[in-house]
Amino acid sequence: MIDSIIDKVNNLLRSPTTKGVVGFFDDDHECVVAATKMREAGYKHFDAITPFPVHGMEEAVGVKRSPIPYVTFVMGLTGCSAGLFLQYWTSAVDWPVLVGGMPMFSLPAFIPVTFETTILFGALSSVAAMFAFNKLPKVDPPVLDPLLTCSRFALWVPSTEPGYNEDKVKAFMEELGAKDIKSGEF
Amino acid sequence: MIERRPLVLGDKTYKDITDDICAPVEVLPSKGWILLFTGAVSLFAFYLTHMGIILGTGMGLMGTNHPVGWGTDIVTFVFWIGIGHAGTLISAILFLFRQKWRTSVARTAEAMTVFAVFTAGLFPLIHTGRPWLDFWLLPYPNQRGPLWVNFRSPLLWDVFAVSTYTTVSIVFWYVGLIPDFATLRDRAKNKIRKLVYGVLSLGWRGTTRNWSHYEIVYMLLAGLATPLVLSVHTIVSFDFAVSGLPGWHTTIFPPYFVAGAIFSGFGMVITLMVLVRAAYPAFKDYITIDHMEVMNKIIMTTGMMVGYAYASEFFIAWYSGVEVEQYAFINRATGPYWWSYWIMVTCNVVIPQLFWFKFFRRNITAMFIISIFVNIGMWFERFVITVTSLHRDFLPSNWGMYEWSWFDTAILCGSFGMFFTLFLGYLRVFPAISIAEVKPVLYVGKKKGEH
């Protein structure tokens with residue numbers, strides 16, 4: 001029983017991997033150029049792995065703009081109305097208490113808390129959305145090369161790519177100037 | 001055309017940056033660190049002891065009494081929360097303004113924010129007098145009616161402002177740390193390190209899709225933290241300004257408090273950065289004299305804004321024609337607490353004027369001393385606002401003095417023990433400069449290929 005629960009949690013947290021081909025670059029600019037060529041050659045599911053956000057890489061790989069701002073907007077509005085409603089309901093409906101002759105629903109005095117709940121909901125849900133989109137948190141993500149979080153850049157073509165052929169991909173990477181091309185799991 | 005100055009000195013590669021920044025985390029602590037940490041922990045223990053005595057015996061041990069009902073607790077709370085503001089200014093506001101120099105100081109400044117807010121947050125909780133009932137501050141369904149909190153009170157606004165600020169600061173800081181934890185994970189040579197940093201990095205992979213969401217969320221958090229930080233000290237100033245007390249009841253308080261907060265926070269950033277540079281000489285290539293100079297300019301600017309607010313308060317008191325208001329300000333400068341007022345003016349307005357001279361802006365010893373004065377001056381500013389306004393209000397029969405006690409001294413000094421324990425601990429286990437943020441600015445002010 002307990003073992004099966006631990007197994008389930010483990011599987012939930014373990015980073016899923018796919019087989020594929022990886023090629024390395026020592027320069028960020030070369031990697032961007034190679035990624036652009038790869039996209040132009042018709043690759044769809046490939047990705048670049050970089051130690052920092054490289055300028056121009058999103059366009060090169062063809063990643064669409066993240067939808068997170070919509071989450072922030074909607075959740076910010078939710079926080080705003082939730083905060084205001086909480087204050088209205090507690091101060092004017094559930095147990096109205098007269099304070100300093102102010103109206104039961106004293107809107108100007110309710111603005112600061114409404115503002116804070118807007119920010120709180122917006123910020124926390126944006127981060128939650130980032131976690132969801134990036135499938136975090138996980139444990140033991142596959143490491144193709146420890147330098148990929150330090151000084152190396154890589155292009156990765158997973159086996160889910162339409163018409164995937166390992167040898168063809170390797171040859172194409174060679175053409176793009178990648179080094180240490182190898183098959184791996186990521 | 002003015003040439004851009006390099007943000008990172010020396011001929012460095014991406015690998016060098018990783019090595020330099022990770023090195024302090026991956027070696028045994030130096031003797032200097034152990035010495036400082038022992039001192040900080042001892043002061044922290046001293047703090048906890050006195051806090052325990054105050055909790056056990058009662059608030060009467062401290063100087064707060066009629067007519068000065070707000071004392072060291074509130075003064076020191078505003079002091080620490082103000083310090084936090086510079087960290088958010090550097091990490092969020094300067095990010096939105098695309099100020100690339102912020103990258104190498106943002107991480108540590110933000111750590112300072114988080115720890116300063118932790119330190120600050122304890123004070124109002126103790127000030128309530130019955131800290132074991134502090135959960136009454138939250139609007140939760142209860143069996144007393146339910147009797148809800150009073151949402152028309154600025155003190156309650158403060159509960160929401162400070163708790164939101166704490167949460168968002170921690171989250172913003174942690175999001176920034178995720179890729180750097182992944183770097184430390186991949187460098188780890190022993191199993192426990194790998195496990196700990198592996199867990200902390202939450203399974204970060206560094207793909208373009210990862211970075212795309214990450215950068216958007218970082219920008220959104222900066223955009224949300226910017227109005228948040230301005231709102232926090234505005235609401236702290238409402239604690240005073242919304243009351244009817246002469247000396248507190250002024251409309252200038254929100255901008256005046258925000259400027260003061262940024263001023264004091266940059267004072268503390270300079271103090272800490274000088275220490276970090278001394279402790280880790282390799283960091284001098286990242287936190288350069290140019291960085292320090294820019295921050296000193298901000299100190300001078302905000303110092304003058306604070307000075308303007310001091311003058312404006314006097315003008316409005318005279319212009320209002322309200323006798324008690326006029327007396328409150330004359331009493332500040334010439335009454336029994338005249339010394340605190342003039343310490344404040346000297347430290348906050350006069351001394352930072354030295355930064356008009358390039359020598360002082362770029363001399364480490366000079367800026368360190370000035371930053372200490374700024375810290376002292378800004379504590380006294382809150383003392384002046386709180387105590388001098390309360391001790392003589394409308395009725396002379398209601399006048400009195402603040403009976404400063406040993407316990408006030410103990411918890412004021414002790415709070416530095418808490419702050420430095422957290423800060424020194426942070427320097428040992430977290431990368432103190434953002435690795436992933438410094439790399440993209442490596443070639444600013446340099447030509448690529450010349451390295």
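Here is a short walk through this predicted model, from the domains of chain A to the helices that touch chain B.

Let's begin with the overall layout. The domain assignment splits chain A into domain 1, made of residues 17-51 together with 151-186, and domain 2, covering 68-133. Taken over C-alpha atoms, the centres of domain 1 and domain 2 of chain A are 47 Å apart.

Next comes the sheet. Strands of a sheet pair through backbone hydrogen bonds, either parallel or antiparallel. In chain A, 4 strands make an open sheet with the order β2-β3-β1-β4, and the pairing is antiparallel. At the edges you will find β2 (47-49) and β4 (179-185) of chain A; each has a single partner strand, so one side of each has no neighbour in the sheet. On average, and ignoring direction, neighbouring strands of this sheet are turned by 25 degrees against each other.

If you zoom in on the β2 edge, you can follow the pairing by residue. β2(A) is joined by 3 bridges to β3 (residues 153-158) of chain A, and these strands run antiparallel. Within this part of the sheet, Ala48(A) sits opposite Leu155(A) of β3(A). A helix also belongs in this picture: α2 (residues 28-40) of chain A lies across β1 (19-25), β2 and β3 of chain A, and it runs at about 25 degrees to β3(A).

Now let's turn to a pair of helices. Two packed helices are described by the angle between their axes and the distance between the axes. For α4(A) and α5(A), the angle is about 145 degrees and the axes are 7 Å apart. The crossing of α4(A) past α5(A) is right-handed. On the α4(A) side, the residues that meet α5(A) include Ile68(A), Met75(A), Gly79(A) and Leu84(A), while those on the α5(A) side include Phe110(A), Thr117(A), Phe121(A) and Ala129(A). By class, this contact of α4(A) with α5(A) has 12 nonpolar, 12 polar and no charged residues.

These helices return when we look at the neighbouring chain. The contact between the chains takes 54 residues from chain A and 51 residues from chain B. On the side of chain A that touches chain B, the elements giving two or more residues are β2, α3 (57-61), α4 (68-94) and α5 (107-133) of chain A. The largest share of that side, 15 residues, comes from α5(A). Sorted by class, the side of chain A that touches chain B has 34 nonpolar, 14 polar and 6 charged residues. So β2(A), an edge strand of the sheet, is also among the elements that contribute to the contact with chain B.

Methods:
Residues numbered from 1 in each chain as written. Chains lettered and ligands numbered in written order. Predicted model: local features only at pLDDT ≥ 70, side-chain atom pairs only at ≥ 80, totals over all residues. Pairing = 2+ DSSP bridges. Axes fitted to C-alpha atoms, helices over the stretch in contact; angles between N-to-C directions. Contact = placed C-beta atoms within 7 Å. Nonpolar A, V, L, I, M, F, W, Y, C, P; charged D, E, K, R; others polar. Left-handed = near helix turned anticlockwise from the far one by under 90°. Domains from an automatic or database assignment.
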